[in-house]
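Here's a quick briefing on the empty space inside this model, plus a look at one proline. Have the structure open as you read.

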Amino acid sequence: MAEQKKVPVTFTSAEDCVEAVLQRVGKRIVLGLPLALGKANHFANAMYARAQQDPEISLTIFTALTLERPPAGNELQRRFVQPLLDRLYAGYQDLAYTQARRKNLLPSNVEVCEFYMQPGSFLNNPVAQQQYVSANYTHVPRDLLDRGVNVIAQMVSPPADGGGTYSLSSNPDLTLPLLELTRQPGRDPVLFVGEVNPELPYIAGDAEIEASLLDCVIAGESVRQTLFPAPNPPVRFTDYALAFHIAGLVRDGGTLQIGIGALSDAITHALILRHQYNDDFRGILHSLDVDRDNRLRRQGPELDVFNRGLYGASEMVPEGFLHLRKAGVIKRAVYPDTAIQRLMNEGRITGLVDEELLLALHEAGRIQCPLTKQDTDFLQELGIVDPSYSWRGHRFLDSHGEMEECDLHSSVGRKKLLGACLGRKLPGAIWLHGGFYLGSNAMYRALREMPADEMAGINMTAIDFINELHKDRDLKVAQRQYARFVNSAMMVTLTGAVVSDGIENAQVVSGVGGQYNFVAQAHELPDGRSVIAVPSTRVSGGETRSNLVWEYPYCTIPRHLRDIVVTEYGVADLRGKTDRDVIATLLGIADSRFQPSLLERAKQAGKIEPDYQIPEAFRNNTPERLVRVFEQGHRPKLLPHFPLGTDLTEEEARLAIALKALKAHGRKPWKLWPLLHKGYRAWRDRTPENHFIHRCLDRMAFEFTDTFEHRLQAYLVAGALVCFVDERRPLGDTAIAEEAPAQQHH
């Protein structure tokens, strides 16, 4: 008699589900919530509310990357952000614990621990800083069990046909390995709550789970919400300069990992330019790259179009991967068998089911002749041998009951084995493995509307598959050829240590996440490389400071794992070099305003010879040179402010560019005066050429302001629009404001 599968208990309200969980688990709750998009917000809020009401409940929430609406810290930000909140986030359910944590008002019986925080969001917040857990992404499931997690609550997607499966969709990353660990002998059970949201795209593959894995399901309109949109930020020339250098490191036929943000969008666009506008890509990179003799690296840049294409293997799946797929850049597929993958890498098979595939598998020793029962099962599971055949002792029994020899030596025999599978695409092809995704409304819509055969090439899966080589090592090595793992940093020391997640006084900016995993993995893969991207400078309080530093009391990646570092001024290949050569190489990509002082520190420490001089080719690393490169001819038209489009309207897009630059400009009066002067003139100018400025001021509700303070703010915004929004550069696709109500649920 077949074992009856467990059926989850279904609720229509989060409060009723919380009551049932408390009855089953007790009043000590250690709640695991996925990072970013996949949190079960309604359940978490209902549990938090019960803990507020009942001090006998002990609630620990263990999560990462809690998403929050954009903050409005001052008057300018409020005027810009509030209409965005009304339009983009009206249907989103905020997490109740976020504001209490920000104001240090969490009840004494509630603890919120995160292993990765929104970058910069919780600096100088004692509660968040004290409850931060520093952990590698792949170690989090283990740490959750050590902390005694007894409830997991996750947003899930229901199948369109109403079948007996759900999709973890955006977040199988930690849930899959955690569920696997809980099945080990001696482990206490963990109650699994699924909060159903039809807005969440249904993704099959590893993210698809049987309903029996869930203990409780909350479904209905009470828990439906819009997905949290992460609008694409504007891309600066600095981002583009970094991106072109990085695009020149990516090898055709290779593997790509990138993150989210302006740099990720810029890398995506640079790779598309390399593939679709190759002459322009070559011209821009040639103008940027002053390392003609390869003094800083081992070889010149990769410049060719992507004939074989790339395969994506990234813990974070940003919107850029969908654009790279559409542009024909990401098109290299990988397969779930090591022998097949190696044959694909060698070009011995084509990805079609044919006789050559059978012969190649036999020559590689993967199958025998005649076929064994195990060979037959393997070939039928992969969709190579006709499923109608049944193996009977070195023979096949076909659908007509006739016996066929399991012999690969004749073409007739091979074709009979292949049967209806002959000529089909080899099943199981994956062009993107990911751990979690986050992006704009356009990204979520694209995933929801993606054709089934295209969606089959995306496999959202466990984070230990993406970030480590321990399991299925041979398969991953075969799949991840020429891997380029690109991660961002805040600072890099001249000896190659990388600072990415914290600052010198132990304040945590974000978290380690998977960066260490990818750096270590790049060193283990035969032809893999870790690429650390860092702008050479930053502007803080109106002052420019170098991000290449002599020393720093904290690091995320130790210097013994140094590999490739990229700034807007070039590529520094550090792998295997002496300390002296690492210092000389990094000086070559530093901003020239800081090169003398950095060189002097190295000389004082005896790490470079006293008479060393930075080569002349690298002494003109200035923002002005970058601007000259990008302003040549028609190049501005190739470099949109929002290369992947944006959820913002045209006015909001222009304002986002201007306000970001204004924030970095500082608040010192002598620096603001030129902006005020230009803004006043633009505000008074009502000619058609200035019409867009007045549309932007109207969007900020500044057009008819009459107080002196607000008038000055209006002049600053107008001045920033004049000075920082380059009209020669296209904005990129912007949202249509009239479409916004369709994105909301009331």
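In this predicted model, the count of cavities of 30 Å³ or more comes to 4. The largest cavity holds about 100 Å³ of space, and the second largest about 60 Å³. There's also a pocket worth a look, the second largest one, with a volume of about 690 Å³.

**Largest cavity**
- A total of 13 residues line the largest cavity, and Gly32, Leu33, Pro34, Leu144 and Leu174 sit closest to its centre.
- Three elements put at least two residues each into the lining of the largest cavity: strand 3 (58-63), helix 6 (140-146) and helix 7 (175-182).
- Sorted by class, the lining of the largest cavity comes out at 10 nonpolar and 3 polar residues, with no charged ones.

**Second largest cavity**
- From the earlier part of the numbering, the lining of the second largest cavity includes Ala36, Leu37, Lys39, Asn41, Leu67, Tyr92 and Leu95.
- Met155 is also one of the lining residues of the second largest cavity, and so are Gln225, Thr226, Leu227 and Phe228.
- The class split for the lining of the second largest cavity is 8 nonpolar, 3 polar and 1 charged.

**Second largest pocket**
- The second largest pocket has 23 lining residues, and those nearest its centre are Lys331, Ala333, Tyr335, Lys425 and Ala429.
- Helix 12 (338-345) and helix 17 (452-455) are the elements that give two or more residues to the lining of the second largest pocket.
- Of the elements, helix 12 gives the most to the lining of the second largest pocket, at 3 residues.
- By class, the lining of the second largest pocket has 10 nonpolar, 6 polar and 7 charged residues.

**Proline 427**
- To find proline 427, go to the loop between helix 15 (411-418) and strand 15 (432-437).
- Is proline 427 buried, partly exposed or exposed? Its relative accessibility is 37%, so proline 427 counts as partly exposed, because that class covers what lies between the 20% and 50% cut-offs.
- Leaving aside residues up to four places away in sequence, proline 427 touches Tyr335, Leu382 and Gly383.
- Tyr335 ties two topics together: Tyr335 is touched by proline 427 and is also among the residues nearest the centre of the second largest pocket.
- For a long-range check, try serine 592: its C-alpha atom is separated from that of proline 427 by 53 Å, with the two residues 165 apart along the chain.

Key
Residues are numbered from 1 along each chain as its sequence is written. This is a predicted model: local features need pLDDT of at least 70, side-chain atom pairs count only at pLDDT 80 or more; totals for chains, interfaces and linings use all residues. Side-chain values use heavy atoms; hydrogens and water are left out. On a 1 Å grid over the protein atoms alone, a cavity is a set of points where a 1.4 Å probe fits but cannot get out, and a pocket is an open set with protein on both sides within 12 Å along at least five of seven lines; lining residues have an atom within 4 Å of a point. Grid points are joined across faces, edges and corners, and a volume is the space filled by probe spheres set on the points. Helices (H or I, at least four residues) and strands (E, at least two) are DSSP runs, numbered from the N terminus. Ala, Val, Leu, Ile, Met, Phe, Trp, Tyr, Cys and Pro count as nonpolar, Asp, Glu, Lys and Arg as charged, and the others, Gly among them, as polar. Buried means under 20% relative accessible area, exposed over 50%, partly exposed in between (1.4 Å probe, protein chains only). Contact means heavy atoms within 4.5 Å.
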